[in-house]
Amino acid sequence: MNFIKVINKRIKIFRRYIESNKIFKYKAPRWMLWLFILNFTIFSIGNLFAFTISFGKSEKINDLQQIDLVQKNDKYLRIAEKFAPILYQEIEGDGFSDLITNFNYDGDWRGDNNWENLDKFKNSLKPYVYYSVLETETHYFINYSIFHPRDWKGGIISKTLLKFVKLLIAYLDPTQIVKMSQMSHENDLEGMIVVIRKGVEPVTTDSVEYIDIFSHNLFNLFRSENNIFFSEYKTFKLEGSHPVIYIDAKGHGLNVWLNNDDNKRYVVYKIRNTDKNEEKINVNLDINPQIQQILDYNLLNIFDEFWVRAVKNDEQIYGSFDAFNDFSIEAKVGNQKVKILKNFGKVGAAFKGDDGVSNAAMAPWAWREISYSRIYGFDLLNRGKTGEWFFNPAKVLKKRYSLGEDFSEVYLFNPYFGVIGEGELR
């Protein structure tokens, strides 16, 4: 009983603080404060449990020696260029907050000045898309990640107010769906995995089979129009070998292109033709909605740009770090299949940002569907552990979507596990 009295006293103090706060005047009912305490307690226990599991497994197998395993093989860059998506980027307002670019567009790798510096560099933004290619016996898996300096769907909200609201919502809503869907934040990275079936002799044409899009903390699978076996999934359009993707304004969620409202304003991005020295088209956002402005983008390697810095725990670019342990893949080395185990240890997981919700943009290996598992440490949606979608997409996609026995999980190229191509292992 004494314990209950102490808790009640603390609740009264907390409630008086809320009700006297000049920014957030709200008569908090007792049940809401009890819910706050309950969620905070479970959150703390869940974090302690997760820490206990990962403690002692932080060996840096991916150390500085393996950093040399960057994807410098031109073969995989050519593949990424061949299937690079065409992006219909919707724009609103002055449009510059919706233009795609690279993380260090402002000349530095600081994550917590990207929101502010956009106003200084908005007239000189260069378009980029990040990529990472993995190869199995039957497929290529290409992660295309798209960066914006701002997610401004919540508008430019007072930092002080937003941080207070964030504190309350983070515990009252353990899924954090409200927080992430309604509030703006510095840095924004969303993307997809394009799944290409490798051509088989004598038919040597590789073909796009599936696209798994990660948008607003949800995964959605789409199938090619030629795939008649998975009719429950929507289809995507292709222009040649390039999937056509829509990006919404402000929040920058991705979807397949469905010939959206013609009254909206778009910038269309296409992969730059490396065989031609074409002059860049200057960005002109004062355009009629019916006139589509087409810009060329270049590709940047996720391994080189993001992963190397994550492994080094670079605190300029990353604002939070998580342990990624107990991963395994099957790989073909020479003529033998081997199982490779990995403990990556603690690496950068969320980009550093202090405008809006802090550290809200996740690196692609930290993408996960928001559920109670995010806080409580349980896999209620049976989506697998965080990171597998990025490190081992063959396993995750085959299991999640029941893709058949002709969908190999044996890797020929996966630099995150030291499989560097042609069955060679380092």
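Is Phe-351 buried or exposed, and what is its relative accessible area? Phe-351 is buried, and its relative accessible area is 0%. The close-ups below start from the whole chain and come back to this ring; please keep in mind that the model is predicted.

**Figure 1. The whole chain, with its 10 helices and 17 strands.** Here is the setting for the views that follow. The chain has 426 residues, and 52% of them count as buried. Its accessible surface comes to about 20600 Å², with 53% of that belonging to carbon and sulfur atoms. If you like contact statistics, take the contacts between residues at least 6 apart in sequence: 71% of these join residues at least 24 apart.

**Figure 2. Strand E2, residues 128-136, and its covered faces.** Have a look at both sides of this strand. Of the 9 residues in E2, 9 are buried. One side carries Tyr-128, Tyr-130, Ser-132, Leu-134 and Thr-136, and the other carries Val-129, Tyr-131, Val-133 and Glu-135; all of these are buried. Glu-135 may catch your eye in that second group, alongside two valines and a tyrosine.

**Figure 3. The pairing partners of E2: strands E11, E3 and E16.** With E11 (residues 293-301), E2 pairs in the parallel sense over 4 bridges. Follow Tyr-128 across to E11 and you reach its bridge partner, Asn-298. With E3 (residues 139-151), the pairing is antiparallel and runs over 6 bridges. E2 and E3 form a hairpin, with 2 residues between them, and Tyr-131 stands opposite Tyr-144 of E3. E16 (residues 410-414) also pairs with E2 in the antiparallel sense, over 2 bridges. There, Thr-136 of E2 faces Tyr-411 of E16 as its opposite number.

**Figure 4. Tyr-318 and Phe-351, one of 35 aromatic pairs.** The rings of Tyr-318 and Phe-351 are stacked, at 5.4 Å centre to centre and with 20 degrees between the planes. Tyr-318 belongs to strand E12 (residues 318-324) and Phe-351 to strand E15 (residues 345-351), so the pair ties together parts 33 residues apart in sequence. Tyr-318 is buried at a relative accessible area of 1%, and Phe-351, our opening residue, is buried at 0%.

**Figure 5. Phe-327 and Phe-391, an edge-to-face pair.** Now for another geometry. The ring centres of Phe-327 and Phe-391 are 5.3 Å apart and their planes meet at 65 degrees; the pair counts as edge-to-face because that angle is over 60 degrees. Phe-327 lies in strand E13 (residues 327-333) and Phe-391 in helix H9 (residues 388-391), 64 residues apart, and the pair links these distant parts of the chain. Phe-327 counts as buried at 3% relative accessibility, while Phe-391 is buried with a relative accessible area of 0%. Zoom out a little and both rings turn up in one aromatic cluster, together with Phe-303, Trp-307, Phe-344, Trp-365, Phe-390, Tyr-416 and Phe-417.

**Figure 6. Lysines over rings: Lys-385 with Phe-327 and Lys-198 with Tyr-140.** Phe-327 returns here with a charged companion. Lys-385 lies over the face of Phe-327, 4.5 Å from the ring centre. In the other example, the charged end of Lys-198 sits over the ring of Tyr-140, at 5.5 Å from its centre.

**Figure 7. The largest nonpolar core, with 54 residues.** Phe-306, Trp-307, Trp-365, Phe-391 and Tyr-416 have the most contacts inside this core. Helix H7 (residues 302-311) gives the most to the core, with 7 residues. Apart from this core lies another one of 39 residues, among them Ala-80, Phe-96, Ile-211 and Phe-222. Back at Phe-306, and leaving out residues up to four places away in sequence, the residues touched include Phe-103, Trp-109, Tyr-130, Tyr-318, Phe-351 and Trp-365.

**Figure 8. Pro-364, in the loop between E15 and helix H8 (373-376).** Where does a loop proline end up, buried or exposed? Pro-364 is buried, with a relative accessible area of 1%. Not counting neighbours within four places in sequence, Pro-364 is in contact with Asn-143, Ser-145, Leu-189, Ile-302, Trp-389 and Phe-390. The C-alpha atoms of Pro-364 and Tyr-144 are separated by 9.5 Å, although the two residues are 220 residues apart along the chain. Tyr-144 is the E3 residue that stands opposite Tyr-131.

Conventions: Residues are numbered from 1 along each chain as its sequence is written. This is a predicted model: local features need pLDDT of at least 70, side-chain atom pairs count only at pLDDT 80 or more; totals for chains, interfaces and linings use all residues. Side-chain values use heavy atoms; hydrogens and water are left out. Buried means under 20% relative accessible area, exposed over 50%, partly exposed in between (1.4 Å probe, protein chains only). Two strands pair if DSSP finds at least two bridges between them. Rings of Phe, Tyr and Trp (its six-membered ring) pair if their centres lie within 6.5 Å; planes under 30 degrees apart count as stacked, over 60 as edge-to-face and the rest as tilted. A charge sits over a ring if NZ of Lys or CZ of Arg is within 6 Å of the ring centre and within 35 degrees of the ring normal. Contact means heavy atoms within 4.5 Å. Accessible areas come from the Shrake-Rupley method with a 1.4 Å probe; for residues, only the protein chains shown count as cover. A nonpolar core is a set of buried Ala, Val, Leu, Ile, Met, Phe, Trp, Tyr and Cys residues joined through side-chain atoms within 4.5 Å.
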